[in-house]
Structures are given as C-alpha cells and as structure tokens.
Amino acid sequence: MKQQPSAFHLMAKPSGSACNLNCAYCFFLKKEKLYPGSHFRMADEVHEAYIKQLLEAHQTPEVTIAWQGGEPTLVGLDFFRRSLELQKRYQKPGTRIENTFQTNGVLLNDEWCRFFQENKFLIGLSLDGPRELHDFYRKDKGGHGTFDRVVRAARLLQKHKVEFNILCTVSSKNGEHPLRVYRFFRDELATHYIQFIPIVERDNESGFQEGNTVTDRSLGPDQWGRFLIEIFDEWVKRDVGRTFVVNFDGALAGWLGMAGTVCIFGPTCGLALALEHNGDLYSCDHFVEPNHFLGNILTTPMNELVASAKQKNFGQDKKDRLPRYCRECEFLFVCNGECPKNRFIPTPDGEPEWNYLCAGYKAFFKHADRPMKIMADLIRRGRSAEEVMGILDMEGKNIRAKFEKAGRNDPCPCGATDEGGKPKKFKKCHGK
Ligand code: SF4
Ligand code: SF4
C-alpha cells in the first residue's frame, strides 16, 4: 500500500474556471477550453464525494476546505449551505474544519457576509492596490474597472467582522509602485493580512506552462526584487507583528530552518492540488493541464490520487530537477528554486529550468538577510520578532551618530574598504 500523506491542501473550483470578471492576466479563464460545453457547476454528487473523501483522507485535527475559482460566488450561497451540511455529516470526531474562500468580491452582500461570519470562513479578496493600479488589469466583461465594487466588498467584510486577507497580484503595472500599493492596503483599507503574487504569464494561446517568453503584463525579475525590498524596508521598520505579509513570513521560515510554510519555498511540493468542478484532480492549481491530470475522484479515491506515483514525482521533481546554479546558491535554504511554474529560463551556464524570478529573489534575500537573521534569532530565544524594529532603530541612530562625529580623514563609519583592503576615508566615501 502506498504511503498516504496525513494532510494536504486542495483548492476546489465549484464554478470551474467560470468568472464574472475578465482580468487581463487571469490564467484560469483559458482553462474553459479543457471542458467544452460544460455548465461549470459542481454537481451534488461531486460535491459530496469531495467533502467525504477530503475529510476521510486527513489524519490531522484540523482540515482546511479551500474554495476557489474562477469565481466561487457564482454557484450561489445555497451551494455553501449544503456544503456545511455535508461537512457536518462527514466530520470526524475531534477534528476542526476551516473553510477558506477566494473571491473577487463583486457579488458579496450582507447575506454572504453574515454567512461567512457565522461559519468562520476565512476570505481572500483580490485587490491590486489603489484605483488606477487595480483597474488597469482587473476589469469586468464590459471592460469597466472593478475597484469600487471590490472596496465595497472589503468594507462589507469589515462591517460584518469577517476575517479576510488581501491577495494582490503584482504585474508590470502596479509592480512599479510598491509603497503606494502597500500603504493603500495598510492605511486606507486598514487591512493587515496581505499576500503578493507575482504575475509571470507565459506568452502562449494554450494557457499552459509552456514556452519561455512572458507577456508584457508580467513583471520583470528585477522589478519583483525592488518591489519586495521597498515594502520590506517599510515593514521591518514599523509593521512587524501588526501587518502580516505572507511573502515575508514564508521567507522568515527559511531563516528559522523551516522553509516550506508556503509551498513555493519548500524543497519539494505536491501537497497543494486542484479539484475541478467535475471531480478531476490535478497536481497543482498552476498545472491544471492534461499532463498533470491525476484522475477523477468519482472513479478513483482522492487519497489514492494524492499518493500516486505521478503526484509524488511531481512533488519530488521540484528538488530533483533543480539546476546546479540553485543547488550551489547561498539562499537555497530559503528559496529552494521557488515554484516550478516559474522555472523556464537557462542558467548563466546553460542548464535549463532556472527560475525566471531568480534575480529579484536573490536581491531580496540578500537585502533582507540581516533583519531576517535578527528576527529568527529573537524567535529562537523565545522573544518576539517585533523587537527587530527597536534593534534596527537603535543601530540606525548609532550609525547616524558615528557619521555626525566622523572627521574627514577618519575611516568611514560604513566600513567600506578601498581596492587594497584599507578602510576608506570618510571624505572619500560617505563624507564626499
Ligand atoms: S508547483 Fe508551485 S504552486 Fe504548485 S505546489 Fe509546487 S511550489 Fe506550490
Ligand atoms: S535565489 Fe535564485 S539561484 Fe538561489 S535558489 Fe532561488 S532561484 Fe535558485
């Protein structure tokens, strides 16, 4: 008998790829072609099989039931009322179930929000920043911006005290404005859970992970690095412990020796699958394509598909196919070559499957290294990561004081050396 994982993450798409918006960069709209003529609605038979099999397969006290799309609100609230009945029926004694729900927010109203609040759904709301940046790509089918409707949804969720995270896709457009985007979420929207998702969109008609060119909407590797660095600098000085940025928490786990709290930074993957509306199971939400089709849960039990050799190889390939350039990288411990979907360029020495975003990640990891080390050290000693803010502030003040006192011929307080390795004089360095 194949060894089955005690837990895994599965994103279910009750409305398949169907969506009420037409965001320019959406990779899922093209998946419609996989199911020609479909009504894109999960039938009750699939729904029941999904909940039953998912709850049976988990050997952990907590199970997450993740709803995603397309746009899951399109199947209507009664679908989720029915889901709670099914969850109750198949819940094992002593387990706790949490529903997560990713939405564009457009259809949310008081009734949806009351339901979410009463049943403790955790919502992910897609928003790309202030109006002009959000509306640039996130449009409805009539070509109109959706900013007002999404912000209205955020306010409704807040009114009903529903917990929600912001999912911000970072494109070549909003990628140029990191602080505007971050401050908008923190200060104007007053939300404190944010995840940034880089848009790396292959330029092809299939919508699959094929080819090695990207669209103009995709952000560049260096742009991604600058985006992370600018937000990190603001966050680490004033927001640690108050605003949660998934990208930074996921990286910090690497400095704590626990890389993989987010799948992209794990050494292997394969435990984050996607379930289509008709019961078809795929290796990952980013690989809903024929080569990564595992089977249908109506004919093969989900736990067999999750434990299948095909899925194990998919997850293990993340490690086994890593180019030498990554294996020898000083940041392998945190990055692990990041997500295989972004590995499609050759390394400087010509090996294939190097990560398109590498330059950005490397710059960010280098930049964040010291504060990350400080935070990891604090946590290991049972202290709070928030203390990093005071430590960096103190260091900044000390350095400023040293600069103020430095004489023209003194060694520069920044510690720079000349080509011969001698300390640079202040007058020839920062005192210029
Ligand atoms: S392919 Fe990427 S997104 Fe999918 S499970 Fe692996 S690391 Fe995660
Ligand atoms: S930073 Fe770049 S070289 Fe290093 S592991 Fe990540 S993708 Fe590979």
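**Two packed helices and two ligand shells**

Let's start with a pair of helices: helix 7, covering residues 221-238, packs with helix 13, covering residues 358-380, at an angle of about 20°, and their axes are 6 Å apart. Keep in mind that this is a predicted model. Angles under 35 degrees count as roughly parallel, so helix 7 and helix 13 are roughly parallel to each other. As for handedness, helix 7 passes helix 13 in a right-handed crossing.

Who does the touching? On the helix 7 side, the contact is made by Pro221, Asp222, Gln223, Trp224, Gly225, Leu228, Ile229, Phe232 and Val236. Helix 13 answers with Cys358, Ala359, Gly360, Tyr361, Ala363, Phe364, His367, Ala368 and Pro371. Sorted by class, this contact has 13 nonpolar, four polar and one charged residues.

Helix 13 also turns up around ligand 2, where it gives the most to the shell, with three residues. Helix 11 (324-327) and helix 12 (332-335) each supply at least two residues there as well. The full set around ligand 2 is Tyr325, Cys326, Cys329, Phe331, Leu332, Cys335, Gly337, Glu338, Asn355, Cys358, Tyr361 and Lys362. You may recognise Cys358 and Tyr361: they surround ligand 2 and also take part in the contact with helix 7. By class, the shell around ligand 2 divides into eight nonpolar, two polar and two charged residues.

Now over to ligand 1. Around it you'll find Cys263, Ile264, Cys269, Ala272, Cys284, His286, Lys318, Cys339, Pro340 and Lys341. This shell divides into seven nonpolar, one polar and two charged residues.

Key: Residues numbered from 1 in each chain as written. Chains lettered and ligands numbered in written order. Predicted model: local features only at pLDDT ≥ 70, side-chain atom pairs only at ≥ 80, totals over all residues. Axes fitted to C-alpha atoms, helices over the stretch in contact; angles between N-to-C directions. Helix = DSSP H or I, 4+ residues; strand = E, 2+ residues; numbered from the N terminus. Parallel < 35°, antiparallel > 145°, perpendicular 65-115°, else oblique. Left-handed = near helix turned anticlockwise from the far one by under 90°. Contact = placed C-beta atoms within 7 Å. Nonpolar A, V, L, I, M, F, W, Y, C, P; charged D, E, K, R; others polar. Near = placed C-beta within 6 Å.
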